[in-house]
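Visitor: Walk me through this model. I want the reason behind each label.

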Amino acid sequence: GSAEILDQLREKLSPRGDVVSPRGRALTEEVFGAPLTPVEVVDKICEEVQSTGTSALLHYLKQLDKADLSAEQLRVPEEDLAAAHAAADSALIDSVRRIRENIVRFQSAILHQDVTIEPSPGVRLTQRYVPLRRVGVCVPGGAAAYPSTVLMTAVPAQVAGVKDIAVVAPPTPFGAYNEDMLATCHELGITEVYRMGGAQAVAALAYGTEHVPAVQKIVGPGNLFVALAKKHVYGTVDIDSFAGPSEVIVIADETARADFIAADLLAQAEHSPGSSILITWEESLLDAVEAELTQQLSELSRSDLTLDSLEAFGALILVNDQKHACELTDSFAPEHLHIQTADPQTLMKSINNSGAAFLGHYTPVALGDYAAGPSHVLPTGGTCTWAAGLCSNSFLRSGSVTEFEQGAMAQIADDVERLAEKEGLTAHARSVSIRR
Ligand code: NAD
């Protein structure tokens, strides 16, 4: 039954975002001298950075990342960004340039434009959009390096017209010491990069310290500590979303190729943890995909981690028909949805909930992860029923502009006065009647 499958799948679809590895737990004990929960850890770090600024930031960089930095070493010198760019693989820089163009093209096309209507003579009503002045971008650096994250966050911000972009990455070889990441920043014209990550970096960006000017919004992916810290500082600043581990649901019919599907499931599992789920009504696909998974796993560089993730958070599901597949998918609201059927456009119409959808046999999710144009920073864990992925519009603030010429209020003045009087706000009513 659907309810039973749903329960089982929820387990699969939400890799334990709230669980910390044994190494992470040992680090917590070592640093705090007690087995604090991740929320307690993050609250403590954020409160200390808020009250004592740079000294708390440096303390936690030393304790959690083993990086003994001075306040002056927090910011990556611009010469280092230029040097990384000069030394970078020129093919990488060419790719970054081309990808940037793709992102700019899409993100510019979807950017909100001011809208003005004139509902009656002498009345103009405008919704206007203004870019945020200063934003912070989190680039992860614990387990892998992500130049792609710089592209997928900073370029939409630039398209929106954000002037100041501060990139933060942990002081690690995968983070702020990663030459490809630094070269990508330089190529994109980003000059402000900080050697800081985790909850302490999020707090520094939100509250500002003597060495890190505060921002208005913090975006970008990260581990549980980064996600919880963004939640902690929300209200002081805006954030993009509360993102957990990555997920994909592949819906396939008899026209799909088992080797393609296996490659797609493995690509998501490679995030480790990452949820990889196939839903199909074509029974023969199940065995074929399983055989392909085994075959292709042996050829991957992160095969152990990928297998662990697949075993814990992978599933091949046989449903009765296409309708059942769409209902299940909609209930799960996956971050990524990949439809590999004969007519994916029609099937897409029956599914409302997905962070990013990929249609057809020749649209692997990796195209969107790296280069197509929409951002790869997406809502996870079922939150796309109410949250949206990052895009250029995420960096705009909207405001309204209302303008009535003399005499133009006649049409609505009676209504305003009536409601104001009903609410007992006679000064409101008088501010209208005095102009009659
Ligand atoms: P990270 O930079 O997010 O986190 C590393 C930081 O976490 C460290 O610098 C440290 O300060 C902090 N930390 C680690 N253990 C801690 C502990 N016990 N107590 C307090 N703080 C601690 O890097 P990461 O760990 O590699 O995680 C990156 C995550 O982002 C991964 O889950 C990856 O899959 C995800 N990601 C998602 C996207 C996307 O767009 N959806 C893109 C890239 C990466």
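Visitor: Which helix gives the most to the lining of the second largest pocket?
Guide: Helix 12 does, with four residues. This is a predicted model. Helix 12 spans 284-297. Helix 13 (303-313) and strand 10 (314-318) also supply at least two residues each.

Visitor: What makes a residue part of that lining?
Guide: A lining residue has an atom within 4 Å of a pocket point. Among those that line the second largest pocket are Leu 265, Ser 276, Glu 290 and Leu 316. The space there is about 210 Å³.

Visitor: How do the lining residues divide into nonpolar, polar and charged?
Guide: Seven are nonpolar, three polar and two charged. Gly counts as polar, so Gly 314 of the lining goes into the polar group. Glu counts as charged, so Glu 290 and Glu 311 go into the charged group.

Visitor: Why is Thr 28 called buried?
Guide: Its relative accessibility is 9%. Buried means under 20%, so Thr 28 counts as buried. Thr 28 sits in helix 2 (residues 22-32). Leaving out residues up to four places away in sequence, Thr 28 touches Gly 33, Ala 34, Leu 36 and Val 41.

Visitor: What makes the approach of Asn 223 to the ligand a polar contact?
Guide: A polar backbone atom of Asn 223 is 2.8 Å from a ligand oxygen atom. The cut-off is 3.5 Å between N or O atoms, so the pair qualifies. Backbone N or O atoms of Gly 141, at 2.9 Å, and Gly 142, at 3.1 Å, also face a ligand oxygen atom within that cut-off.

Visitor: How many residues surround the ligand?
Guide: The number is 22, with Gly 24, Asp 65, Gly 141, Ala 143 and Asn 223 the closest.

Technical notes:
Residues are numbered from 1 along each chain as its sequence is written. This is a predicted model: local features need pLDDT of at least 70, side-chain atom pairs count only at pLDDT 80 or more; totals for chains, interfaces and linings use all residues. Side-chain values use heavy atoms; hydrogens and water are left out. On a 1 Å grid over the protein atoms alone, a cavity is a set of points where a 1.4 Å probe fits but cannot get out, and a pocket is an open set with protein on both sides within 12 Å along at least five of seven lines; lining residues have an atom within 4 Å of a point. Grid points are joined across faces, edges and corners, and a volume is the space filled by probe spheres set on the points. Buried means under 20% relative accessible area, exposed over 50%, partly exposed in between (1.4 Å probe, protein chains only). Contact means heavy atoms within 4.5 Å. A residue is near a molecule or strand if one of its heavy atoms lies within 4 Å of it. A polar contact is a pair of N or O atoms within 3.5 Å; within protein, one must be able to donate a hydrogen and the other to accept it, and residues adjacent in sequence count only if both atoms are side-chain atoms.
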